[in-house]
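Open your viewer and get ready to click along. Each stop below suggests something to select and tells you what to look for.

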Amino acid sequence: MNGRKSFKDDEFSFDMNTMTGISSAWSETKIKERVLTQFNQTRARRNIINATAVYGLSFCAILVLFCLFNIIFHLLVQGFSSLNRDFFLQLPKPVGEPGGGTANAIVGTLILLIVAVLVGVPIGLGAGIYLSEYAHQRFAQAVRFTTDVMNGIPSIVFGIFAWTILVVPFKSFSALSGGIALGIMMIPMITRTTEGFVRMVPVPLREAGLAIGTPKWRVIKDIVVPSSLGGIVTGIMVSLARVAGETAPLLFTAFGNHFWHSSLLAPIAALPLQIFSYAISPFEDWHRQAWAGALVLILIVFVINLCSSYFVGRQRRMFSSHK
Amino acid sequence: MNLNDQTIGNDILPGDIRPHINTELQNGKPLFVSHRKPLEESLENPIPQIMVKELNFYYGRQKALSKVSLGIPAKKATALIGPSGCGKSTLLRTFSRMNDLIANARIEGTVTIDGRNIYDRDTDVVELRRRVGMVFQKSTPFPKSIYDNVAYGLRIVGIRDKKTLDQIVEKSLRQAVLWEEVKDNLGKSALALSGGQQQRLCIARALAVGPEILLMDEPCSALDPNATARIEELIFELKDDYTVVIVTHNMQQAVRVSDFTAFLYLGELIEFGSTQKIFTVPKDRRTEAYLTGKFG
């Protein structure tokens with residue numbers, strides 16, 4: 001009874017307040033109304049912000065596509081007409097003579113990339129695996145810091161380095177020095193990606209390998225590296241794609257050559273160098289060939305990227321649990 | 001049986017019970033405080049296969065095991081139970097030196113398997129791990145085919161002959177009760193198997209290299225009740241041929257599969273004895289409290 005009475009009292013006092021308007025300003029309905037008003041007042045502003053975000057961000061994304069497509073479009077328009085059999089099969093013609101190709105530069109670029117892979121992949125791979133699997137914390141950190149610094153070094157510095165240790169002593173520009181310069185550029189990139197992917201292999205998987213009596217090096221070779229192979233190969237491909245278009249390190253190493261290279265110790269033509277020298281020449285015909293060369297270079301990089309995404313896909317399939 | 005023998009007996013661990021202990025027990029004198037075992041069991045297991053003596057284990061400064069001593073009998077299943085963080089997994093991993101991989105880990109005392117201290121300097125760890133197989137909490141199939149998973153350990157040993165490999169792979173898969181399910185798909189990726197199948201594959205892989213001891217670190221904790229039942233049946237069969245040591249959080253599981261149980265608490269071995277005794281008449285108050293669910 002008592003409780004009920006007090007409840008009624010409350011009700012009464014509530015009603016009183018409503019009538020006198022003292023605390024009625026914040027009754028439930030009032031709060032709802034107030035919020036709704038505010039909501040409607042700010043609706044326009046909110047919509048503008050929302051639209052700005054959506055359109056602004058998608059504009060950025062479109063800009064990315066636009067840049068890429070614009071470049072490819074230009075290359076196609078300017079270079080496609082010069083892409084013919086001769087371009088791939090013939091040597092450059094002397095100034096004034098029409099036709100000719102860049103067969104030597106295409107082959108040269110491929111040779112330089114092969115040398116770069118031979119130099120960069122074993123060292124980068126080995127260092128990356130070592131850092132992840134064996135290195136003590138402090139040493140690993142020192143190496144990691146070094147690779148980060150190396151990644152930031154301008155590419156021309158690698159060219160100067162290769163020039164100092166390989167061109168000057170041999171008294172000749174050479175394919176070897178160019179390839180090694182590119183290979184050294186690849187090392188820090190491959191080291192970091194390899195270390196990252198190898199480290200991601202779960203500890204229980206390594207323990208399972210060791211637990212059945214496998215020496216550590218075999219666990220690394222048979223289980224750890226195959227488990228992270230997709231990532232490792234992708235890292236190699238990406239670094240390869242990056243150095244494929246490098247011009248600066250080749251300027252005083254590979255040097256360029258208008259003819260077939262005679263040996264690995266002689267100057268060699270390379271697509272980026274060819275593009276560079278053709279593009280700054282005053283001849284219309286060479287300009288067109290520079291465009292075509294750029295198109296071929298992009299195609300090479302594109303193919304490398306396709307390969308790397310194939311490897312990523314293979315990796316994913318291996319770890320997926322479809323039946 | 002002279003007095004000298006008896007004093008040695010007192011120092012040695014519970015499984016190492018020789019006939020002369022007989023009289024001692026009948027006299028009602030405990031051989032080893034809280035580690036006694038009934039006579040009939042002691043006669044079945046004359047010598048423990050794994051002897052742990054005064055084992056201290058540290059992760060950096062943190063002490064994970066403190067003066068643990070016990071003897072794990074051969075060809076029996078022994079369960080290690082205790083609340084989380086009590087050191088039972090750490091203890092299990094010391095038997096195959098898996099803790100070697102952990103930086104800052106330090107060990108004192110001895111673990112003797114078949115009379116040899118495995119922490120001796122000249123121990124061949126690879127050889128040790130071949131003899132002491134291990135199955136982990138989370139199934140860890142290698143990213144290879146089912147066949148290659150089982151054959152891997154054999155190829156490491158150097159067995160190349162296809163026929164021998166085939167036979168051992170089949171035998172191991174049969175032992176792990178997986179053969180019937182996978183025999184037509186041996187080339188399929190092991191990662192495509194279900195969780196329970198993967199765990200049985202890991203057991204088959206461990207058995208393939210012919211271990212004498214099988215360590216299992218909560219092998220069922222990630223499995224559904226059905227798969228758990230199958231693994232438990234499997235453990236029950238395996239203990240005829242292997243010394244099985246299993247860490248488990250599931251006390252019913254300990255009762256179902258094990259002959260002996262060790263209860264660990266805060267890094268100390270509180271009680272060790274036949275599973276039946278531990279679960280029916282625990283000697284230590286803490287064991288009883290844990291088993292009745294008062295903590296843990």
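## Chain B at a glance

Begin by colouring chain B by secondary structure: 13 helices and 10 strands should appear. Keep in mind throughout that this is a predicted model. Of the 296 residues in chain B, 55% count as buried. Now switch on the surface of this chain: about 13,300 Å² is exposed, and carbon and sulfur atoms supply 49% of that area. The contacts are worth a thought too. Taking those in chain B between residues at least 6 apart in sequence, 65% join residues at least 24 apart.

## Stop 1: the open sheet

Select β1, β2, β4 and β5 of chain B. These 4 strands make an open sheet with antiparallel pairing, in the order β2-β1-β4-β5. At the edges stand β2 (62-73) and β5 (116-117) of chain B; each has a single partner strand, so one side of each lacks a neighbour in the sheet.

Zoom in on β1(B), residues 48-59, which runs antiparallel to β2(B) and is joined to it by 8 bridges. Two pairs are good to label here: Val52(B) stands opposite Leu70(B) in β2(B), and Ile50(B) stands opposite Ile72(B) in β2(B). Follow the chain round the hairpin of β1(B) and β2(B), where 2 residues lie between the strands and Gly60(B) has a positive phi near 60°.

Now look to the other partner, β4(B), residues 105-113. Here 8 bridges join β1(B) to β4(B), again antiparallel. Label Met51(B) and you will find Thr112(B) of β4(B) opposite. How many of the 12 residues of β1(B) are buried? The count is 9, so β1(B) is largely enclosed by the rest of the structure.

While you are in this region, show the side chains of Arg106(B) and Tyr58(B). The charged end of Arg106(B) sits over the ring of Tyr58(B), 4.3 Å from the ring centre.

## Stop 2: strand β9 and its partners

Next, select residues 260-265 of chain B, which form β9(B). Of these 6 residues, 5 are buried, so the strand is largely enclosed by the rest of the structure. One partner is β3(B), residues 77-81, which runs parallel to β9(B) and is joined to it by 4 bridges. To see one of these, label Ala79(B), whose bridge partner in β9(B) is Thr261(B).

Another partner is β10(B), residues 268-274, paired with β9(B) in the antiparallel sense over 6 bridges. Phe260(B) has Ser274(B) of β10(B) as its bridge partner. The hairpin of β9(B) and β10(B) has 2 residues between the strands, and Leu266(B) takes a positive phi near 50° there.

## Stop 3: the nonpolar cores

Show side chains for Ile50(B), Val52(B), Leu70(B), Leu91(B) and Phe95(B). These residues have the most contacts inside the largest nonpolar core, a group of 95 residues. Bring chain A into view as well: the largest share of this core, 10 residues, comes from helix α4 (residues 103-133) of chain A. Apart from that core lies another, of 45 residues, including Leu154(B), Leu193(B), Ala206(B) and Leu214(B).

## Stop 4: a buried serine

Centre the view on Ser139(B), in the loop between β6 (132-135) and α6 (146-157) of chain B. With a relative accessible area of 16%, Ser139(B) falls under the 20% cut-off and therefore counts as buried. Leaving aside residues up to four places away in sequence, Ser139(B) touches Gly195(B), Gln198(B), Gln199(B) and Cys202(B). Try a distance label from Ser139(B) to Asp161(B): they are 22 residues apart in sequence and 28 Å apart in space, C-alpha to C-alpha.

## Stop 5: rings

Finish by showing the aromatic side chains. Over all chains there are 11 aromatic pairs. One of them is stacked: Phe173(A) and Phe255(A), at 4.3 Å centre to centre with 10° between the planes. Phe173(A) belongs to the loop between α6 (155-170) and α7 (175-199) of chain A, and Phe255(A) to the loop between α11 (248-251) and α12 (271-279) of chain A, so the pair ties together parts 82 residues apart in sequence. Both rings belong to partly exposed residues, with relative accessible areas of 25% for Phe173(A) and 46% for Phe255(A).

Still in chain A, select Tyr130(A), Tyr134(A) and Phe139(A), which ring pairs link into a cluster. Last, show Arg46(A), whose charged end sits over the ring of Phe39(A), 4.2 Å from its centre.

Conventions:
Residues are numbered from 1 along each chain as its sequence is written. Chains are lettered from A and ligands numbered from 1 in the order in which they are written. This is a predicted model: local features need pLDDT of at least 70, side-chain atom pairs count only at pLDDT 80 or more; totals for chains, interfaces and linings use all residues. Side-chain values use heavy atoms; hydrogens and water are left out. A nonpolar core is a set of buried Ala, Val, Leu, Ile, Met, Phe, Trp, Tyr and Cys residues joined through side-chain atoms within 4.5 Å. Buried means under 20% relative accessible area, exposed over 50%, partly exposed in between (1.4 Å probe, protein chains only). Rings of Phe, Tyr and Trp (its six-membered ring) pair if their centres lie within 6.5 Å; planes under 30 degrees apart count as stacked, over 60 as edge-to-face and the rest as tilted. A charge sits over a ring if NZ of Lys or CZ of Arg is within 6 Å of the ring centre and within 35 degrees of the ring normal. Contact means heavy atoms within 4.5 Å. Accessible areas come from the Shrake-Rupley method with a 1.4 Å probe; for residues, only the protein chains shown count as cover. Two strands pair if DSSP finds at least two bridges between them.
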